[in-house]
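Please open the model in your viewer, with side chains available for display, and follow the selections below in order.

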Amino acid sequence: MPVTVVRFNLVEPDATPASLSARYKTALEMAAYADDRGMSTVQTEEHHGVANNWLPSPFAFAGAVFGATRRIAVTVSAIIGPLHDPLRLAEDVAVLDLLSGGRLVTVAGIGYRPEEYALFDVSWQRRGRLQDELLETLLKAWTGEEFEYRGRTVRVTPRPFSDPHPLLLVGGSSKAAARRAARLGLPFFPSAHLPELEAYYKERLVEYGTEGWTMMPAAVTPLLHLAEDPDRAWAEHGRHFLHEARTYASWQSSDIRSAVRSAATTVEELRAEGVYRVVTPDECLSQGLDNYVLHPLSGGMPLDEGWRSMHLFCENVLPRLKNL
């Protein structure tokens, strides 16, 4: 059966505290519904200081999802590693791993927005070294044994549920990220379909004498919204998809590669491009994807429209995918 993902970044331009609270609660209800229907994963992410309220605290959200669900995994893709205190992150992930029984997947990248580093007074120039320290510290901390950290002997408790440690992948689209993953024997999560980078990672595994694997997006990984009438959905809600696409594109320089990058400047261009797809249940099945990524609350989507998409996918698509 294909992997089925429901993505939440909780974007809502011009939100009020009340409307954003309703959006967060709806996302948890949707996660519980997806769990009951047998979807594979909730995917969330981390960005800071964004005017449209992009989720800044993925682990807090993940904890709430785990409290509302029984089986579904939560993939945080990705955290901005250098912005986290290594010891505190080791504790937080260990606690979430224990609470969830091993359902947390963490992808650690270094980000691409200098303003996020400035917000936390973290050196942009030192991001590679900080990422190395973070990953090395997590792996040592999760053993439960004493180790040297910044000239001190420390020990982090509790130990996680997962053995040997919670699932941790190194994300990125650069050779430096691939080398980092290979050196540490960690799986690699390219941010786009980059077979040449996967090959480079495998070469580095041989060089370092380590073992690892790649979780790489397919060549086509659209963000899906289900509707009985796609024309209506695009006409009424296309601006929400466009807002999110334009926000994301504005952050990325030419050397950043992403599976969901869009160059569209209008709703019409976005629809033609195919990064965001509004499809009927039958059209959804005909996509023939390895990963179905549902994005029900994209760009500030009204909650009732998001629920329509969730219901159409889980009631009209998911049972048929299980038979493939």
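Is Arg 320 buried, partly exposed or exposed? Select this residue in the predicted model: Arg 320 turns out to be partly exposed, with a relative accessible area of 38%. Now add Asp 282 to the selection, and you will find a salt bridge between Arg 320 and Asp 282, in which the closest N and O atoms are 2.8 Å apart. This pair links distant parts of the chain, since Arg 320 belongs to helix H12 (residues 318-321) and Asp 282 to helix H10 (residues 281-285), 38 residues apart.

Next, go to helix H11 (residues 303-316) and show the side chains of Glu 305 and Arg 308, which are three residues apart and therefore separated by about one helical turn. The two side chains meet in a salt bridge with an N to O distance of 2.9 Å. Colouring by accessibility sets the partners apart: Glu 305 is buried, at a relative accessible area of 0%, whereas Arg 308 is partly exposed, at 39%.

From there, select Arg 183 and Asp 132, which form a salt bridge whose closest N and O atoms are 3.4 Å apart. Here again distant parts of the chain are linked, with Arg 183 in helix H6 (residues 175-184) and Asp 132 in helix H5 (residues 127-141), 51 residues apart. Both residues are partly exposed, Arg 183 with a relative accessible area of 32% and Asp 132 with one of 21%. The structure as a whole holds 20 salt bridges.

Leave the charged pairs and turn to the backbone in the loop between strand S6 (152-154) and strand S7 (167-172), where Pro 158 is found. The peptide bond leading from Thr 157 to Pro 158 is cis, with omega near 0°. Pro 164 also lies in the loop between S6 and S7, and the peptide bond from Asp 163 to Pro 164 is cis as well, with omega near 10°.

For the last stops, which residues other than glycine have a positive phi? One of them is Asn 53, with phi near 75°, which you can locate in the loop between strand S2 (41-44) and helix H2 (58-68); at 25% relative accessibility, Asn 53 counts as partly exposed. Another is Asp 121, with a positive phi of about 55°, placed in the loop between helix H4 (114-119) and H5. Asp 121 counts as exposed, at 73% relative accessibility.

Conventions
Residues are numbered from 1 along each chain as its sequence is written. This is a predicted model: local features need pLDDT of at least 70, side-chain atom pairs count only at pLDDT 80 or more; totals for chains, interfaces and linings use all residues. Side-chain values use heavy atoms; hydrogens and water are left out. A salt bridge is a side-chain nitrogen of Lys or Arg within 4 Å of a carboxyl oxygen of Asp or Glu. Helices (H or I, at least four residues) and strands (E, at least two) are DSSP runs, numbered from the N terminus. Buried means under 20% relative accessible area, exposed over 50%, partly exposed in between (1.4 Å probe, protein chains only).
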